[in-house]
Amino acid sequence: MNQPLAGFAPAPVTARMENHGNHMLKVAMQTGNDLFARVGSMVAYEGFVQYEPNPPAVRQIAKDWLTGEGAPLMKCSGDGLLYLADYGADVVVINLNGDGLSVNATNLLAFDAHLTWGVERVKGLAKFAGQGLWNTRISGQGWVALTSRGKPIVVDCGGGEDETYVDPDALVAWSPNLKVKGKRSFRAQSLIGRGSGEAFQMAFSGQGIVVVQPSEDSTDRLRVRG
């Protein structure tokens, strides 16, 4: 019985975070190197791992999530191997080397607890969407895992003058040093049914990357936030 299943066995640990297939994250847990993970994302673990839902570090910024964007998080600590997933979504692992990442909270799966993080308003979009768009910004030296509804594309903006345009409902994350602005366009077909006749895109320029998933999030990313 073990023979046909051998190809699905976990590979030896080579990094703090790595993929096990396309849809699962494997985290090497060590005492003193805690992890924040999306609540309900644990699918299995080996060793001794403890979980603390809504830890103090999360409660400190809960007031921002009331009007901004956030995800329920739990603190994971201990020694062993931890496996995380989010309803079969693709998992993208990023090693931050002192830089940062602005993440759509619905795509945030896990990150090292020692990283600097918080909820912030995205500049340049308020006039398009009431109070604008909120994202979770993470920075420092450590690991971050994101989810994508399908295999994502990572666009290198390249630092040129040309702008990269993205549907906000397909946006996963971007480099926070990029310049962001909104663009409104007209779509005749959106006049049919309940459409408003207007479409929004986010325009990125500068040096950095944009991560885009091949599926539109059902959440209205540009709704008014008080």
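Helices (H or I, at least four residues) and strands (E, at least two) are DSSP runs, numbered from the N terminus. With that in hand, let's take the tour.

**Before you click**

What you have open is a predicted model, in which local features need pLDDT of at least 70 and side-chain atom pairs count only at pLDDT 80 or more, while totals for chains, interfaces and linings use all residues. Residues are numbered from 1 along each chain as its sequence is written, and side-chain values use heavy atoms, with hydrogens and water left out.

**The whole chain**

Start with everything shown. The protein chain has 3 helices and 15 strands. Of its 226 residues, 44% count as buried, where buried means under 20% relative accessible area, exposed over 50%, and partly exposed in between (1.4 Å probe, protein chains only). A contact here means heavy atoms within 4.5 Å. Among contacts with a separation of 6 or more, 78% come from residues 24 or more positions apart.

Now color by pLDDT, the predictor's confidence in each residue, from 0 to 100. The chain averages 81, and 75% of the residues score at least 70. Where is confidence lowest, and where is it highest? Look at helix α3 (residues 62-67) for the low end, with a mean of 53, and at strand β2 (residues 25-29) for the high end, at 97. Two stretches stay under 50 and deserve a skeptical eye: residues 190-198, with 12 contacts beyond four places in sequence, and residues 220-226, with 27 such contacts.

**Stop 1: Glu 18**

Select Glu 18 in strand β1 (residues 17-19). Buried or exposed? Glu 18 counts as buried because its relative accessible area is 15%. Its side chain makes a polar contact of 2.7 Å with the side chain of Thr 14. (A polar contact is a pair of N or O atoms within 3.5 Å; within protein, one must be able to donate a hydrogen and the other to accept it, and residues adjacent in sequence count only if both atoms are side-chain atoms.) Show the neighbors too: leaving out residues up to four places away in sequence, Glu 18 touches Pro 12, Val 13, Met 24, Leu 25, Lys 26 and Val 93.

**Stop 2: the nonpolar cores**

Next, go inside. A nonpolar core is a set of buried Ala, Val, Leu, Ile, Met, Phe, Trp, Tyr and Cys residues joined through side-chain atoms within 4.5 Å. The largest one has 18 residues, and Phe 111, Ile 138, Val 144 and Leu 146 have the most contacts inside it. Elements giving two or more residues to this core are β6 (90-103), β7 (108-112), β9 (133-148) and β12 (171-174). β6 gives the most, with 5 residues. Apart from this core lies another, of 16 residues, including Leu 25, Val 27, Val 91 and Leu 109.

Center on Phe 111 for a good view. Beyond four places in sequence, Phe 111 touches Met 17, Leu 35, Phe 36, Leu 73, Trp 117, Ile 138, Trp 143 and Val 144.

**Stop 3: two loops off β6**

Move to Asn 107, in the loop between β6 and β7. This loop residue counts as buried because its relative accessibility is 2%. Its side chain makes polar contacts with the side chains of Thr 106, at 3.5 Å, and Gln 213, at 3.3 Å. Measure across to Thr 147 as well: Asn 107 and Thr 147 are 40 residues apart in sequence and 4.9 Å apart in space, C-alpha to C-alpha.

For a contrast, pick Tyr 87, in the loop between β5 (73-84) and β6. Tyr 87 counts as exposed because its relative accessibility is 83%. Check the backbone here: phi is positive, about 55 degrees, although Tyr 87 is not a glycine.

**Stop 4: Ser 102 and a pocket**

Finish at Ser 102, in strand β6. Ser 102 counts as buried because its relative accessibility is 1%. A 3.2 Å polar contact joins its side chain to that of Asn 135.

Ser 102 also helps line the second largest pocket, along with residues including Glu 120, Arg 137, Trp 174 and Lys 179. Elements giving two or more residues to that lining are β8 (116-122) and β13 (179-186), and β8 gives the most, with 3 residues.

Key. 1 Å grid on protein atoms, 1.4 Å probe; cavity = no way out; pocket = protein on both sides within 12 Å on 5 of 7 lines; lining within 4 Å.
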